[in-house]
Amino acid sequence: MALPAAFSSGDLVFTVRRREPELVAPAKPTPHELKLLSDIDDQDGFRFQMPGIHFYGHKTSMRGKDPAQVIKNALAQALVFYYPLAGRLREGAGRKLMVDCNGEGVMFVEADADISLHQFGDPLHPPFPYFDELLYNVPGSEGLLNCPLLTFQVTRLKCGGFIFAHSVNHTVSDGPGMFQFLNAVAEIAGGACAPSVAPVWRRELLSARDPPRVTCTHREYEQLPNNNDPIWTQESIVHHSFFFGPKKLEAIRQLFSPYNNGEHTTRFEALTAFLWRCRTKALQLESSEEVRFTCVSNIRGKSNPPLLPPGYYGNAFVYPAAVTTAGKLCENPLGYALELVKKAKAEATAEYIQSVADLMVIKGRPGLTMRGTWSASDISRVRFRDVDFGWGKAVYAGPPTTGAGDFQGVSYYVGYQNGKGEECIVVPCSLPLNAMKRFIQEVDQLLG
């Protein structure tokens, strides 16, 4: 048994006792081969560990069953089908990444905490300041290359519930891909012999053309002289989660109804235009300061015939950018922000992602433009809460905080169910303290 780790913040005090970390390898022999990642996978902006967390309550029918053992056993069996995830990342010429499918396994930690689920609060929402206790950073395993591609920790709670925390090397999978894998583990935990959706590697489908040719405009990858956003250099960065139930979401939709011009406006478009404008106003930038919104867009199913087959679990996202100035965004009517968001969203096509793959090869795999950028990623429909290892749906399932790797300007739209059983959205955000106060005021003022 490893040494206990204590967490204390305000009224929340608890101790986590972890067992020694172990590697979980595929339950059966798997092919030993080298698999190239796609040119979307290995871009600079994906070279980090992507975390997630699931909270599960007690279930009487599962009394006597250990969630750590159930998940660990199912994990070993799922890795037979997803064997590249049990390998290690290597880097070749031109910073090209590939997976050495050597079957070494994924990192797994079993733990116990002297706390009950209800003590974490209701509703559960990010950020979770105690996340580091629930996903141990195993020394020597946190790197990009030659390290486990996934890390898991199952922490049993004294109420009979448990917390399932994980991280994945983002270069090998995106959110929908990770959901597909976790759901495969859950299906096997429930008695299935194989996943209902067969995993598909086929990373060559998103590799650069020969010769590569950039056919679209990609302002999300503009290399600025100074790419560091000065707002993140301030000391007092704070986190706040905005809650949007059905009534608030409808009120936001109504704010944009005069600007629809007969077109349908989705929940995502309205909420994103609303938040981008409020956030930019709160930052009190110079009128001429360039600001951009990048629309995190999944291209699965967006072409006919489909570019990617069902079961593809690699990165299939693009980040089309809308660029304007702070003055134009804040001084124009709300419809201006909506128009920019819709235009960026519409750019997410099969041709667009192919153009990104070509750009990566031509430009040497650049990172995203961070200065003046806010990104929104709607994961509310990815259904992480539906991952059921036998204890029912998760009370909360999603990211533990804002940001993605070194980029803090990302907000996730996370689905949750309120006490009335209504489907709602929680949006965690980070900003300097005074800007956050103004951001909250802007949101409240517009919503009355």
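## A closed space inside

The structure holds 1 cavity of 30 Å³ or more. This is a predicted model, and the cavity is a good place to start looking around it. The largest cavity has a volume of about 30 Å³.

Which residues line the largest cavity? They are Trp232, Arg279, Trp374, Gln408, Gly409, Val410, Ser411, Cys429 and Ser430. Sorted by class, this lining has 4 nonpolar, 4 polar and 1 charged residues. Two strands, β18 and β19 (423-432), each supply at least two residues of it.

## The second largest pocket

Next, turn to an open space. The second largest pocket has a volume of about 370 Å³, and 22 residues line it. If you would like to find its centre, look for Arg385, Ala394, Val395, Tyr416 and Gln417, the lining residues that lie nearest to it.

Among the elements that each supply at least two lining residues are β17 (396-398) and β18 (410-417). Which strand gives the most to this lining? That is β18, with 4 residues. You have already met β18 at the lining of the largest cavity. The residues around the second largest pocket divide into 9 nonpolar, 6 polar and 7 charged.

## A closer look at arginine 385

Arginine 385 is one of the residues nearest the centre of the second largest pocket. Along the chain, arginine 385 sits in the loop between β16 (373-378) and β17.

Is arginine 385 buried or exposed? Its relative accessibility is 18%, and the cut-off for buried is under 20%, so arginine 385 counts as buried. Its side chain also has a partner: a polar contact of 2.6 Å joins the side chains of arginine 385 and glutamate 423.

## A sheet of three strands

Elsewhere in the sequence, 3 strands form an open sheet in the order β4-β7-β6, with antiparallel pairing. Why is one side of β4 and of β6 left without a neighbour in the sheet? Both β4 (33-36) and β6 (88-91) stand at the edges and have a single partner strand each, so one side of each has no neighbour there. On average, neighbouring strands of this sheet are turned by 35° against each other, direction ignored.

To follow one pairing in detail, take β4 and β7 (residues 97-101), which pair in the antiparallel sense over 4 bridges. Here, glutamate 33 stands opposite cysteine 101 in β7.

Key: Residues numbered from 1 in each chain as written. Predicted model: local features only at pLDDT ≥ 70, side-chain atom pairs only at ≥ 80, totals over all residues. Heavy atoms only, no water. 1 Å grid on protein atoms, 1.4 Å probe; cavity = no way out; pocket = protein on both sides within 12 Å on 5 of 7 lines; lining within 4 Å. Points joined across faces, edges and corners; volume = space filled by probe spheres on them. Nonpolar A, V, L, I, M, F, W, Y, C, P; charged D, E, K, R; others polar. Pairing = 2+ DSSP bridges. Axes fitted to C-alpha atoms, helices over the stretch in contact; angles between N-to-C directions. Buried < 20%, exposed > 50% of the residue type's maximum accessible area, 1.4 Å probe, protein only. Polar contact = N/O pair within 3.5 Å; in protein donor to acceptor, adjacent residues only side chain to side chain.
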